[in-house]
Amino acid sequence: MQSEKEKDPYLNAYTKFERAHSSLTKALNDQEVLPKGMTITQFGVLEALLHKGTLTHCQIAGKILKSRGNLTLVIDNLERDGLVKREPVAGDRRAVGVALTPKGATTIKDLFPKQVEAIHDVMGRLSPEELSTLAGLCRKLGLSLSSAEK
């Protein structure tokens, strides 16, 4: 007998997506690439700053898909650890930029390739065609939801 979830293709797909996401996150955490005490959100902030340069809190939130409220504590902790610094934004007295410190730049330049390798290891269970299909479906769903919010 089919469960209610199996009868509902939306709920079934959502459940499988969430379980896959949880499994993927756990598998990446098990790789132990990030230093003890560093969260994936902190890594995301450092990675965004590495590739985009100095950003405001709002810009970082948009890049890593987190709320600005949550980001304040994340940036506070990165600043405490000497990995980022806050600095005024020229031409906007209200805005504060976040930039990598030399220690932060060294840290993320060391961590980023290791995290990419861990992602390759975990996602390597899919063929190139399956990866392409997965990426396309995730993009389609994400874009359809972000356009629906506007």
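Good morning, colleagues. I begin with a pair of residues: K85 stands opposite A99, a residue of strand 3. E87, in turn, stands opposite G97 of strand 3.

Before I continue, some conventions. This is a predicted model, in which local features need pLDDT of at least 70 and side-chain atom pairs count only at pLDDT 80 or more, while totals for chains, interfaces and linings use all residues. Residues are numbered from 1 along each chain as its sequence is written, and side-chain values use heavy atoms, with hydrogens and water left out. Helices (H or I, at least four residues) and strands (E, at least two) are DSSP runs numbered from the N terminus.

How confident is the prediction? The protein chain averages a pLDDT of 89, and 93% of the residues score at least 70; pLDDT is the predictor's confidence in each residue, from 0 to 100. Among the elements of the chain, helix 6 (residues 102–123) has the highest mean, 95, and helix 1 (residues 4–7) the lowest, 68. Where pLDDT is low, the predicted coordinates should not be read in detail.

I return to the sheet. It is open and consists of 3 strands in the order 1-3-2, with antiparallel pairing. Strand 1 (55–56) and strand 2 (84–89) are the edge strands; each has a single partner strand, so one side of each is left without a neighbour in the sheet. Two strands are said to pair if DSSP finds at least two bridges between them. Strand 2 and strand 3 pair antiparallel over 6 bridges, whereas 2 bridges join strand 1 to strand 3 (residues 92–100), also in the antiparallel sense. On the strand 1 side, T56 stands opposite G97 in strand 3. Strand 2 and strand 3 form a hairpin with 2 residues between the strands, and G91 in this hairpin takes a positive phi near 85°.

Next, the helices, with helix 3 as the reference. Axes are lines fitted to C-alpha atoms, for helices over the stretch in contact, and angles run from 0 to 180 degrees between N-to-C directions. Angles under 35 degrees count as roughly parallel, over 145 as roughly antiparallel, 65 to 115 as roughly perpendicular and the rest as oblique.

Helix 3 (residues 40–52) and helix 4 (residues 57–64) have axes that come within 10 Å and cross at roughly 110°. The two helices are therefore roughly perpendicular to each other. T41, G44, V45, A48, L49 and K52 of helix 3 make the contact with I60, K63 and I64 of helix 4; contact means heavy atoms within 4.5 Å. By class, this contact has 5 nonpolar, 2 polar and 2 charged residues. In this classification, Ala, Val, Leu, Ile, Met, Phe, Trp, Tyr, Cys and Pro count as nonpolar, Asp, Glu, Lys and Arg as charged, and the others, Gly among them, as polar.

Helix 3 also packs with helix 6, at an angle of about 110° and with the axes 10 Å apart. Helix 3 is thereby roughly perpendicular to helix 6. From helix 3, I40, F43, L46, E47, L50 and H51 meet I108, K109, L111, F112 and Q115 in helix 6. This contact divides into 7 nonpolar, 2 polar and 2 charged residues.

Is Q115 buried or exposed? Q115 has 6% relative accessibility and counts as buried, where buried means under 20% relative accessible area, exposed over 50% and partly exposed in between (1.4 Å probe, protein chains only). Apart from neighbours within four places in sequence, Q115 is in contact with V33, L34, I40 and F43.

With helix 5 (residues 68–80), helix 3 packs at an angle of about 75°, the axes being 10 Å apart. Helix 3 and helix 5 are therefore roughly perpendicular to each other. Here T41, Q42, V45 and L46 of helix 3 meet L71, V74, N77 and L78 of helix 5. The classes are 5 nonpolar, 3 polar and no charged residues.

Finally, two individual residues. E32 lies in the loop between helix 2 (9–30) and helix 3. E32 has a positive phi of about 55° although it is not a glycine, and with a relative accessible area of 66% this residue is exposed. L134 belongs to helix 7 (residues 128–149). L134 is partly exposed, at 34% relative accessible area, and touches M123 and L126, not counting residues up to four places away in sequence.

Thank you for your attention.
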